[in-house]
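Biologist: Please take a close look at one helix in this model, and then tell me about the charged side chains elsewhere.

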Amino acid sequence: MKVALLGGGTVGSQVARLLDVSRDDLTQRVGQPLELVGVAVRDLKKDRPGIDPSLLTDDPVELVKRDDVDVVIEVMGGIEPARTLMLEAFAHGASVVSANKALLASHGAELAAAADAAGVDLLYEASVAGAIPLLRPLRDSLSGDNVKRVLGIVNGTTNYILTKMDEEGAAYQDALDEAQRLGYAEADPSADVEGYDAAAKAAIIATLAFHTRVTLADVHCEGITSVTAQQVAAAKRTGFVVKLLAVAELLPDRAGVVVRVHPAMVPRTHPLASVRDAFNAVFVEAESAGDVMFYGRGAGGQPTASAVLGDVVAAARNKVTGGRATSQPTYAALPIRPVAEARTRYTVLINVADKPGVLAAIAAAFAENEVSIQTVRQDTQPEGGAALLVRTHLAVERDLSVTVETLRALDVVDEVVGVMRVEGEEGA
Ligand code: NAP
Ligand code: HSE
């Protein structure tokens, strides 16, 4: 069974190492030996401990055009040339294993169709939540159930940064530098901190969960770049922790699907609050199963290589037996609805004048836009005026946005300092 590797970086080097050290076990599990026949990289001069130098090539096209290659592993990242190389691999009869969420979230339909046409596998467990077996359980184990909502921490880099800010008061840039050094971040770390990496993963999860094609462009995306040390500290004081969450949910009566990625306050008592460092966790709420939680290492070379190898074994076994993995049914084709239709809770921090009638005016702004207030906390500011922290019950995002605009127009409001969603609380 011949295997070609596209990429010999953080993940690829670990895939090559595991193929070597686990050779005998993998042979038993597949039913035939797996032979690594080439590793495509950009720079042939780089030192790559653990990779046989005679396997290195800077010509990935030549590798995927080989008719004797059974499985191509794509861990080079980016859209092109990865997309063209994968299409070429399918055309030459190879199955493809990929960790490339950016590509799968934008060109998943095209790639799945090409794999179907060629009668080979396209597997990508490592693309979402690193080592955690999540996509196969969603695609296979939960295929007899109806998923209603998925809520998760799916980006290791941002979870690492937020954990360091929360627990050690670390500066944002120092924590990001460390996450890069540890191999968690994308080649361009703005994909992590701006939320695009989590949004790509959310699109892949939603497609499988709701049998509906969801692409990166369908996902509402806010990253952590505007989360301040003050917000993290304020959340901590009030029993919350700030997390970057991916939320994919069905609207009532299956009216559509909303998929969003944004920072949110999570109660410290919620299991997601204790997901630290580069770990990931995903909650799946299904009609019959109830809540199912997946937890583990969400980033890093070796954990990700574990998920890649699992897919390689599955694809190679299918080559041996002549079978194929379950495809990705998108028969439901539910409408993708805008984030304005999502329902969640919010905290709104407002600087106001400290004088009679202010609270009444603020409360009226919420009430006239159908947003119900749960609690209000007022702190007198040393420099004059007051800071109001308003927490709402469940509200529709569109109503909350209009409320914020209304607040901004009030004479008694100096500034709406921040709005943050609250996830993981029970009740209305
Ligand atoms: P990386 O360290 O930057 O490695 C990328 C590798 O691909 C490098 O060896 C690079 O060659 C090679 N490469 C890139 N473009 C190429 C081209 N045009 N031709 C030939 N070789 C090329 O990235 P990584 O962290 O391993 O990530 C790889 C993929 O896995 C990405 O899709 C990423 O999103 C995904 N992923 C990463 C993690 C993680 O924790 N790192 C986790 C899950 C999924 P050079 O070495 O010569 O530059
Ligand atoms: N950059 C990604 C993360 C790698 O930090 O989660 C894992 O997909």
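Modeller: Happy to! Helix 10 is mostly covered, with 14 of its 15 residues buried (under 20% relative accessible area, 1.4 Å probe, protein chains only; exposed is over 50% and partly exposed lies in between). This is a predicted model, where local features need pLDDT of at least 70 and side-chain atom pairs pLDDT 80 or more, while totals for chains, interfaces and linings use all residues. Residues are numbered from 1 along each chain as written, chains are lettered from A and ligands numbered from 1 in written order, and side-chain values use heavy atoms, without hydrogens or water.

Helix 10 covers residues 196–210 (a DSSP run of H or I, at least four residues; strands are E, at least two, and both are numbered from the N terminus). Its first and last C-alpha atoms lie 21 Å apart, close to the 21 Å expected at 1.5 Å a residue (1.5 Å times one less than the number of residues). His-211 follows helix 10 and has a positive phi, near 50°.

Now for the charges: the structure holds 27 salt bridges (a Lys or Arg side-chain nitrogen within 4 Å of an Asp or Glu carboxyl oxygen). In one of them, Arg-23 meets Asp-20 at 2.5 Å, N to O. Arg-23 is partly exposed at 43%, and Asp-20 is partly exposed at 41%. Glu-425 and Arg-345 also pair, with their closest N and O atoms 3.9 Å apart. That pair links distant parts of the chain, 80 residues apart: Glu-425 follows strand 17 (413–422), and Arg-345 sits in strand 13 (residues 343–352). Arg-345 counts as buried because its relative accessibility is 6%, whereas Glu-425 is partly exposed at 23%.
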